[in-house]
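This briefing works through one protein model, going from its overall make-up to particular strands, helices and loops. Please keep the sequence and the structure in view while reading.

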Amino acid sequence: MKTKATTTERDRPAADAPEPRASEAAGADSRVLEARNVVISYSGNPAVKDVSLSIPRNRITALIGPSGCGKSTLLRAFNRMNDFIPSLTMTGQILYHGQDIYAHAVDPVEVRHNIGMVFQRPNPFPKSIADNIAWAPSLYGKLENRQALVEQALRKAALWDEVKDKLNDSGLALSGGQQQRLCIARALAMNPEVILLDEPCSALDPVATSRIEELLLELSERYTIVIVTHNMQQASRVSDITAFLYQGELIEMGPTERLFTRPKKKRTEAYITGKFG
Ligand SMILES: Nc1ncnc2c1ncn2[C@@H]1O[C@H](COP(=O)(O)OP(=O)(O)OP(=O)(O)O)[C@@H](O)[C@H]1O
Ligand SMILES: [Mg+2]
């Protein structure tokens with residue numbers, strides 16, 4: 001359903017092609033992330049129930065479903081952000097290029113460098129715009145040329161032209177939409193391969209939302225993107241693949257256009273036609 005010329009040229013999953021199982025939605029070679037039989041519980045109560053799915057490279061995958069169905073919990077599992085929640089337990093595996101990111105030898109900080117995250121509320125550091133970008137690369141010894149890195153990240157996040165004359169102003173002085181693009185720039189500055197976004201537009205107005213959506217379409221040329229969204233129009237505008245979760249279970253996953261026009265499961269149909277949610 002994407003309309004942008006730059007992205008329609010790419011090799012999209014054909015809407016009418018025979019569809020593989022959800023867990024095989026991406027060819028083995030293009031799988032960047034894979035969840036295998038993932039069960040995630042809070043104080044023993046399961047919030048994600050035996051979910052297996054693959055996230056394909058340089059595509060936008062949307063996770064949709066009603067409030068409380070486990071979207072954020074599953075998303076956070078992909079870069080070990082759940083490690084910070086003491087009551088949470090997880091079984092199953094999350095593989096990044098075939099490696100279990102929860103294996104003992106794996107450094108979660110390194111995982112989060114490769115798999116960055118952008119949150120629902122824009123959360124710039126109370127620092128200058130430039131420092132927001134340069135802080136983590138500097139902390140982790142990845143800062144070679146500060147000026148170039150700041151400019152590149154801001155350009156990639158389509159923010160450069162708006163802030164190039166005030167790089168020393170506080171990031172908190174920007175508008176909400178600009179702050180969210182700053183947070184995307186901050187994630188990009190660590191040179192990740194994957195960007196996870198949890199309802200990145202829900203605090204933004206329609207104009208700022210559409211700028212972020214355009215940006216995501218551009219970024220998907222080079223990055224693998226997973227976006228949680230409540231907004232089905234947004235999922236259909238930006239994503240290539242959609243996964244529908246309901247009460248912690250993966251009900252259906254497939255090419256976005258097919259899922260929204262010809263859902264295979266009754267529950268998906270009921271949700272996308274607004275019968276519940
Ligand atoms: N920190 C937590 N402690 C205890 N239970 C939690 C916690 N976070 C989420 N849950 C529970 O886990 C389930 C899934 O929550 P999650 O936030 O993943 O859903 P969601 O699909 O992202 O919802 P929303 O659309 O409202 O953001 C819910 O029942 C929720 O109450
Ligand atoms: Mg959520």
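How many residues lie between β9 and β10 in the hairpin that they form, and which residue in the turn has a positive phi? There are two residues between the strands, and Gln247 in the turn is the residue with a positive phi, at about 45 degrees. The model is a predicted one, and what follows describes it topic by topic.

**Overall make-up**

- The protein has 277 residues, of which 44% count as buried, and its secondary structure comprises 11 helices and 10 strands.
- Among the contacts in the protein with a separation of 6 or more, 70% are accounted for by residues 24 or more positions apart.

**Strand β9 and its partners**

- All six of the six residues of strand β9 (residues 241-246) are buried, so this strand is largely enclosed by the rest of the structure.
- The burial extends to both faces of β9, with Ile241, Ala243 and Leu245 on one side and Thr242, Phe244 and Tyr246 on the other.
- In a regular strand, side chains alternate between the two faces of the sheet.
- Strand β3 (residues 60-64) pairs with β9 in the parallel sense over four bridges, and within this pairing Leu63 has Ala243 of β9 as its bridge partner.
- Strand β10 (residues 249-255) pairs with β9 in the antiparallel sense over six bridges, with Glu252 in β10 as the bridge partner of Phe244.

**The nonpolar core**

- The largest nonpolar core has 69 residues, and those with the most contacts inside it are Leu63, Ile133, Ala153, Ala185, Val226 and Ile227.
- Helix α7 (residues 176-188) gives the largest share of this core, namely six residues.
- Leu63 therefore appears both in the list of residues with the most contacts inside the core and in the bridge to Ala243 of β9.
- Leaving aside residues up to four places away in sequence, Ile133 touches Leu149, Val150, Ala153, Leu154, Ala185, Arg186 and Ala189.
- In soluble globular proteins, nonpolar side chains tend to be buried together.

**Helix α5 and the loop after it**

- Helix α5 (residues 146-156) has Leu149, Val150, Ala153, Leu154 and Lys156 as buried residues, and because these cover an arc of only 160 degrees around the axis, they lie on the same side of α5.
- On the other side of α5, Gln147 and Ala148 are exposed.
- The buried residues of α5 pack against α4 (129-139), α6 (160-163) and α7.
- Ala158, placed in the loop between α5 and α6, has a phi near 55 degrees, which is a positive value in a residue other than glycine.
- With 17 C-beta neighbours inside 10 Å, Ala158 counts as partly exposed.

**The open sheet of four strands**

- An open sheet of four strands runs in the order β2-β1-β4-β5, with antiparallel pairing.
- The strands at its edges are β2 and β5 (99-100), each of which has a single partner strand, so one side of each is left without a neighbour in the sheet.
- Strand β4 (residues 88-96) pairs with β5 in the antiparallel sense over two bridges, and Leu95 stands opposite Asp100 in β5.
- The loop between β4 and β5 holds Gly98, a residue that is exposed, with 9 other C-beta atoms within 10 Å.
- Although Gly98 and Val32 are 66 residues apart along the chain, their C-alpha atoms are separated by 8.0 Å.
- Ser43, found in the loop between β1 (31-42) and β2 (45-56), has a phi near 45 degrees, a positive value in a residue other than glycine.
- Ser43 is exposed, with 8 other C-beta atoms within 10 Å.

**Surroundings of ligand 1**

- There are 13 residues around ligand 1, and those that come nearest are Tyr42, Ala47, Ser67, Ser72 and Thr73.
- The residues of this shell divide into four nonpolar, eight polar and one charged.
- Helix α2 (residues 71-77) contributes the largest share of the shell around ligand 1, three residues.

Conventions:
Residues are numbered from 1 along each chain as its sequence is written. Chains are lettered from A and ligands numbered from 1 in the order in which they are written. This is a predicted model: local features need pLDDT of at least 70, side-chain atom pairs count only at pLDDT 80 or more; totals for chains, interfaces and linings use all residues. A nonpolar core is a set of buried Ala, Val, Leu, Ile, Met, Phe, Trp, Tyr and Cys residues joined through C-beta atoms within 7 Å. A residue is buried if 20 or more other C-beta atoms lie within 10 Å of its own, exposed if 12 or fewer, and partly exposed in between; C-beta atoms are placed from the backbone. Two residues are in contact if their C-beta atoms, placed from the backbone, lie within 7 Å. A residue is near a molecule or strand if its C-beta atom, placed from the backbone, lies within 6 Å of it. Ala, Val, Leu, Ile, Met, Phe, Trp, Tyr, Cys and Pro count as nonpolar, Asp, Glu, Lys and Arg as charged, and the others, Gly among them, as polar. The arc is that of the directions from the helix axis to the C-beta atoms. Two strands pair if DSSP finds at least two bridges between them.
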